[in-house]
Amino acid sequence: MIVDSYRFLPRSFRPLYEGRGPFAGEEAAVWAPFEKRLAASRIALLTSAGLYLESSQPAFDTEREKGEPEWGDPSWRSIPANADRAEIGVAHLHIDDSDIRSDPEIALPARLLDQLVAERVVGSATPEHLSVMGYQDRSLEVWREKTAPELVARLRDQQADGLVLAPA
Amino acid sequence: MPVLARWIEAAGISTVVVTMMPAIAEERRAPRIVGVEFPFGHAFGMPGDKLMQRRVLELALRVLAGAAAFGTRVDVDIEWPVPLRDAYKAWQPKEPSPIVRKLLTISRPTISEASP
């Protein structure tokens, strides 16, 4: 079964995505072999659904985006693996967030990953997972210079062997 | 997100992208890809459906740990259990996003990239 990548996309949006090829300078293969057994590995999750902790973190800046429609907040948030789902907010103007609010696991399946750790399918989960807001400028300069290196540093701090990324 | 995966992979951490647009992740040269034919905002499936979420995450972990080569793509064989017309409407925000609003008000789109 081959997924139709455009099944849920408005038809007029399709040319914005299709046939554009890789970003400039991002054509070559990159490969970090996964060398351990999964049951001996530490796994992290990253969502681009704009999740944040309502009690202790600022929301992603949707107000600025409303004034500058081509701009997207390039910052990131760290979400503790054991965060209470009632604490999790969503700041993303490009999706209806009601399903994520009712079950954040559909964007960031931290409890499910913990369950797989308990079953010894996975060695361990990082204590924190990562959240970004996926609507971004195509230039991606801030992402390349700042956001991505910070995310890598955090993943290394948490000794992640592998990362599961999911866009909103 | 495929580009972010590339940068993290280049730093030595293996990645897999779970995405509704696996064809785009391939074009953008993501190292490992799991495709889902789900509405945007639902990468791991239906809210409350633990079995569906588990099928997606387990496949993602298998691809992460077991893919033999760059560009490996495996799609999840699950049909979204909501009629297309309803699901198509349900994922979209109640108000158009700022960029969509702008595109609707100008005659010649100048957007370079939109990402739900």
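Across all chains of this predicted model, the structure holds 21 salt bridges, and a tour of several of them leads from one chain into the other and back.

Begin by selecting E18(A) and R14(A), whose side chains meet in a salt bridge with an N to O distance of 2.9 Å. With the surface displayed, E18(A) counts as partly exposed because its relative accessibility is 37%, and R14(A) likewise counts as partly exposed, at 33%.

Next, colour chain B by secondary structure, where you will find 5 helices and 3 strands, which follow one another from the N terminus in the order α-β-α-β-α-β-α-α. The C-alpha atoms of chain B fill a box of roughly 45 × 35 × 20 Å along the principal axes, and 55% of the 116 residues of this chain count as buried. If you show the charged side chains of chain B, 15 positive and 12 negative ones appear, and the centres of the two sets lie 6 Å apart.

Staying in chain B, select E9(B) and R32(B), which form a salt bridge of 2.9 Å, N to O. Because E9(B) belongs to helix α1 (residues 2–10) and R32(B) to strand β2 (residues 32–35), the pair ties together parts of chain B that are 23 residues apart in sequence. Are these two side chains buried or exposed? E9(B) is buried, with a relative accessible area of 2%, and R32(B) is buried as well, at 0%.

Now bring chain A and chain B into view together, and select the residues in contact, of which 81 come from chain B and 80 from chain A. The two chains bury about 7400 Å² between them, with 65% of that area on carbon and sulfur atoms, and the count of salt bridges between them is 6.

One salt bridge to select here is that of D96(A) with K94(B), where the closest N and O atoms are 2.5 Å apart. Another is formed by K50(B) and D103(A), with 3.8 Å between the closest N and O atoms. K50(B) lies in helix α3 (residues 50–66) of chain B, while D103(A) sits in the loop between α3 (98–102) and α4 (110–118) of chain A, so the pair joins two chains. On the surface, K50(B) counts as partly exposed at 42% relative accessibility, whereas D103(A), at 2%, counts as buried.

For the last stop, select E26(A), R144(A) and R6(B) together, since these residues are linked in a network of salt bridges.

Conventions: Residues numbered from 1 in each chain as written. Chains lettered and ligands numbered in written order. Predicted model: local features only at pLDDT ≥ 70, side-chain atom pairs only at ≥ 80, totals over all residues. Heavy atoms only, no water. Helix = DSSP H or I, 4+ residues; strand = E, 2+ residues; numbered from the N terminus. Buried < 20%, exposed > 50% of the residue type's maximum accessible area, 1.4 Å probe, protein only. Lys, Arg positive; Asp, Glu negative; His and termini not counted. Charge placed at Lys NZ, Arg CZ, Asp CG, Glu CD. Contact = heavy atoms within 4.5 Å. Buried area = accessible area lost by both parts, 1.4 Å probe. Salt bridge = Lys/Arg side-chain N within 4 Å of Asp/Glu carboxyl O.
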